[in-house]
Amino acid sequence: MADDSDLEKTEPASGRRLEQAREEGQVPQSRELATFIVLVVGVAALYVLGRWGGHRLMHMLRTGLSFERVQVFDVTGMLIALYDVAMEGLLTVAPLLLALVAATFVSPFVMGGWVFSSNILRFDLSRLNPMQGLGRMFSTHGLAELVKATLKAAVVGSVGTWVVWRERDHLFGLMLQPLEASMDEFASLVLFATLLITCSLALLAAIDVPYQLWEYHRKLRMSKEEVRKESKEQEGDPQIKARIRAAQREMSRRRMMTQVPQADVVVTNPTHYAVALKYDPEKSGAPVVVAKGMDLVAQSIRELAKENGVPILEAPPLARALYANCELDQQIPAALYTVVAEVMAWVFQLNHWIAEGGMPPEQPAGLAVPPGLDPAVGDPDATR
């Protein structure tokens, strides 16, 4: 059983945990940031299109309210006029609406991006539980949302009140000016107030974004037991992996042993190492290591070589150097070409003697390898 500390979610969420949360539709979101982005885009669009749109709306209002007595009794004509005025109004506000819609769709990408998850649509009776709803209302998250809503109302109300109080004389003075001039100045005041409110909401967004990121990762934190379980699921049971590796090594060893009867020579330590070499001039430019092993594997290689009449040469330094510096099915390194060439020359002479008879060739003695290739240097156990 896990101890009590394992039950506490103190570990940061893993990559897999974050991916699962995203698949379930859980991504960090900040309403304050989305509101700020939409307001910024809206203010910018009003600044660019405000004068043009205001003049079009005034023209639409003036023409829409100007008609003759005969037109009042023409139902079809009035409907056509209403349609024309409505289309003109829609075309006037369309750029602003498109800008706001684009901002609404783009704002989620700033933090978590768009997520499409069918898990959100599945039926869950727990969502209808009033006790859970009350629990969410009086939770830390609910308290934070209440604080944010109160702070937002206070900030927006304070900024709006300050603007109205600051411009009160100007606002009363607009009643004495011509309509067109007063509407332009009033629109400028509204734009100014909106800009100040937007800037004040930037402060709220700057506070809310780090909080939402912290809250999101806090909810996804894991206990030590969950981390261990996920690691086991992803990497597999260590015992099973060990058995798989053992089976793979056994298969590799069996496959390697099938190459020993085709080898040209086996170089031994004589008891600690054994390396089987094969040289085929048509396939490679140098001898290739087809089998190698230590201790019991080396003994099996020697016994298999004897059973199949493969020559065995006792050359401890060369055997150790071949084992340490050569991989299976790879050519020997260039530094060992000279010494291995002596061995292969003895093998060819031995095969010629077996086939033709005569004087048997002498085994090469005193085979030395270049410095740095013999692992026995500084390790007396390797000389066995």
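This is a short tour of one predicted model, stop by stop, with what to select at each.

**Before you start**

The model is predicted, so its local features need pLDDT of at least 70, side-chain atom pairs count only at pLDDT 80 or more, and totals for chains, interfaces and linings use all residues. Residues are numbered from 1 along each chain as its sequence is written, and side-chain values use heavy atoms, with hydrogens and water left out. Helices (H or I, at least four residues) and strands (E, at least two) are DSSP runs, numbered from the N terminus.

**Stop 1: the sheet**

Select strands 1 to 4 together. They form an open sheet in the order 3-2-1-4, with mixed pairing. Two strands count as paired if DSSP finds at least two bridges between them. Which strands stand at the edges? Strand 3 (288-294) and strand 4 do; each has a single partner strand, so one side of each is left without a neighbour in the sheet. On average, neighbouring strands are turned by 20 degrees against each other, direction ignored.

**Stop 2: strand 1**

Now select residues 265-268, which make up strand 1. Is this strand buried or exposed? Both of its faces are covered. Val-265 and Val-267 are buried on one side, Val-266 and Thr-268 on the other. Buried means under 20% relative accessible area, exposed over 50%, and partly exposed in between (1.4 Å probe, protein chains only).

Keep strand 1 and add residues 312-314, which are strand 4. The two run parallel, joined by 3 bridges. Val-266 has Ile-312 as its bridge partner there. Val-267 is bridged to Leu-313 in strand 4.

**Stop 3: strand 2**

Add residues 273-278, strand 2. Strand 1 and strand 2 run antiparallel, with 4 bridges between them. A hairpin of 4 residues links the two. Pick out the pairs: Val-267 has Val-275 as its bridge partner in strand 2, and Thr-268 stands opposite Ala-274.

How many residues of strand 2 are buried? The count is 5 of its 6 residues, so the strand is mostly covered.

Then bring in strand 3. Its pairing with strand 2 is antiparallel, over 6 bridges. Val-275 stands opposite Lys-292 of strand 3.

**Stop 4: two residues with positive phi**

Most residues other than glycine have a negative phi. Select Asp-295 for an exception. Its phi is positive, at about 50 degrees, although it is not a glycine. Asp-295 sits in helix 12 (residues 295-307). At 38% relative accessibility, Asp-295 counts as partly exposed.

Go on to Asp-329. This residue also has a positive phi, of about 60 degrees, and is not a glycine. Asp-329 lies in the loop between helix 13 (316-325) and helix 14 (337-356). At 60% relative accessibility, Asp-329 is exposed.

**Stop 5: helix 3 against helix 5**

Select residues 31-64 and 75-106, which are helix 3 and helix 5. Two packed helices are described by the angle between their axes and the distance between the axes. Here the angle is about 180 degrees and the axes are 9 Å apart. Axes are lines fitted to C-alpha atoms, for helices over the stretch in contact, and angles run from 0 to 180 degrees between N-to-C directions. Helix 3 and helix 5 are therefore roughly antiparallel, a term for angles over 145 degrees. Their contact has 16 nonpolar, 7 polar and 2 charged residues. Ala, Val, Leu, Ile, Met, Phe, Trp, Tyr, Cys and Pro count as nonpolar, Asp, Glu, Lys and Arg as charged, and the others, Gly among them, as polar.

Stay on helix 3 and click Met-58. Met-58 is buried, with a relative accessible area of 19%. Add Met-183, which is 125 residues away along the chain. The two C-alpha atoms are separated by 9.6 Å.

**Stop 6: the second largest pocket**

Finally, select Leu-46, Gly-50, Arg-51, Gly-54 and Ala-187. Of the 23 residues lining the second largest pocket, these lie nearest its centre. A pocket, on a 1 Å grid over the protein atoms alone, is an open set of points where a 1.4 Å probe fits, with protein on both sides within 12 Å along at least five of seven lines; lining residues have an atom within 4 Å of a point.

Which elements give two or more residues to the lining? They are helix 3, helix 5 and helix 9 (179-219). Helix 3 gives the most, with 12 residues. By class, the lining has 15 nonpolar, 6 polar and 2 charged residues.

Terms used. Angles under 35 degrees count as roughly parallel, over 145 as roughly antiparallel, 65 to 115 as roughly perpendicular and the rest as oblique.
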